[in-house]
Amino acid sequence: MAAPEVASSGDTAWILTSCALVLLMTPGLAFFYGGMVQRSNVLNTMMMSIVTMGMVALPWMFLGFSLAFGGGAGGFIGDLR
């Protein structure tokens with residue numbers, strides 16, 4: 001019986017760093033989109049970016065994490081467990 005695989009701390013740190021950079025990018029994208037619309041639509045456009053960030057966080061927690069760290073397909077992609 002083989003020993004269970006344990007996620008390396010380097011892989012986990014890289015995924016967390018990448019996620020943090022994406023989360024920091026979202027307000028910048030909101031300001032960029034806010035600058036492209038008329039003054040009366042700035043708040044709506046920025047809120048759409050922030051709400052989208054929240055909506056993307058849930059599928060990442062349930063699907064993306066298992067695809068990143070699950071063992072399947074030769075270790076290239078996870079197994080959705």
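Let's start with Val 42. Setting aside residues up to four places away in sequence, Val 42 touches Gly 34 and Val 37. Val 42 has its place in helix α2. Is it buried, exposed or partly exposed? At 26% relative accessibility, Val 42 counts as partly exposed, because buried means under 20% and exposed means over 50%. Keep those two cut-offs in mind. We will use them again. One distance here, too. Val 42 and Phe 31 are 11 residues apart along the chain. Their C-alpha atoms are separated by 8.6 Å.

A word of caution before going on. This is a predicted model. Every value I give is computed from it.

Next, Thr 45. Thr 45 also lies in helix α2. Its relative accessible area is 11%, so Thr 45 is buried. What does it touch, leaving aside neighbours within four places in sequence? Three residues: Tyr 33, Gly 34 and Val 37. Two of those names you have just heard, since Gly 34 and Val 37 are also touched by Val 42. The side chain of Thr 45 has a polar contact as well. One of its polar atoms lies 2.8 Å from the backbone oxygen of Asn 41.

Now step back to the whole protein. How many helices and how many strands are there? Two helices and zero strands. The helices are α1, residues 9-34, and α2, residues 42-69. The protein has 81 residues, and buried residues make up 14% of them. Thr 45 is one of the buried ones. The accessible surface comes to about 6600 Å². Carbon and sulfur atoms hold 73% of that surface. Now contacts. Take those with a separation of 6 or more. Of these, 26% join residues 24 or more positions apart.

On to the pockets. How do you find empty space in a model? Rolling a probe the size of a water molecule over the atoms shows where empty space is left. Here, the largest pocket has a volume of about 320 Å³. Which elements give two or more residues to its lining? Helices α1 and α2. Let me read out the lining, in sequence order. It starts with Cys 19, Val 22, Leu 23, Met 25, Thr 26 and Leu 29. Then come Ser 49, Thr 52, Met 53, Val 56, Ala 57 and Trp 60. Look at the chemistry by class. Nine of these residues are nonpolar and three are polar. No charged residue lines the pocket.

Pick one of the lining residues, Thr 26. Thr 26 lies in helix α1. Buried or exposed? Buried, because its relative accessibility is 11%, and the cut-off is under 20%. The side chain of Thr 26 reaches the backbone oxygen of Val 22 at 3.1 Å. Val 22 is on the lining list too. Not counting residues up to four places away in sequence, Thr 26 touches Ser 49 and Met 53. Both of those also line the pocket.

Now move to the end of helix α2. Ala 68 is found in this helix. Its relative accessible area is 39%, so Ala 68 is partly exposed. Which residues does Ala 68 contact, leaving aside neighbours within four places in sequence? Ile 15 and Trp 60. Trp 60 is a pocket-lining residue, as we saw. Ala 68 and Asp 79 are 11 residues apart along the chain, with C-alpha atoms separated by 9.0 Å.

Phe 69 lies in helix α2 as well. With a relative accessible area of 25%, Phe 69 is partly exposed. Find Ile 15 again. Phe 69 and Ile 15 are 54 residues apart along the chain. What separates their C-alpha atoms? Just a distance of 9.7 Å.

Last stop, Ile 77. Where is it found? In the segment after α2. Ile 77 has a relative accessible area of 39%, so it is partly exposed. Ile 77 and Leu 67 are 10 residues apart along the chain. Their C-alpha atoms are separated by 5.6 Å.

To sum up: two helices, zero strands, and a largest pocket of about 320 Å³ whose lining has no charged residues.

Terms used:
Residues are numbered from 1 along each chain as its sequence is written. This is a predicted model: local features need pLDDT of at least 70, side-chain atom pairs count only at pLDDT 80 or more; totals for chains, interfaces and linings use all residues. Side-chain values use heavy atoms; hydrogens and water are left out. On a 1 Å grid over the protein atoms alone, a cavity is a set of points where a 1.4 Å probe fits but cannot get out, and a pocket is an open set with protein on both sides within 12 Å along at least five of seven lines; lining residues have an atom within 4 Å of a point. Grid points are joined across faces, edges and corners, and a volume is the space filled by probe spheres set on the points. Helices (H or I, at least four residues) and strands (E, at least two) are DSSP runs, numbered from the N terminus. Ala, Val, Leu, Ile, Met, Phe, Trp, Tyr, Cys and Pro count as nonpolar, Asp, Glu, Lys and Arg as charged, and the others, Gly among them, as polar. Buried means under 20% relative accessible area, exposed over 50%, partly exposed in between (1.4 Å probe, protein chains only). A polar contact is a pair of N or O atoms within 3.5 Å; within protein, one must be able to donate a hydrogen and the other to accept it, and residues adjacent in sequence count only if both atoms are side-chain atoms. Contact means heavy atoms within 4.5 Å. Accessible areas come from the Shrake-Rupley method with a 1.4 Å probe; for residues, only the protein chains shown count as cover.
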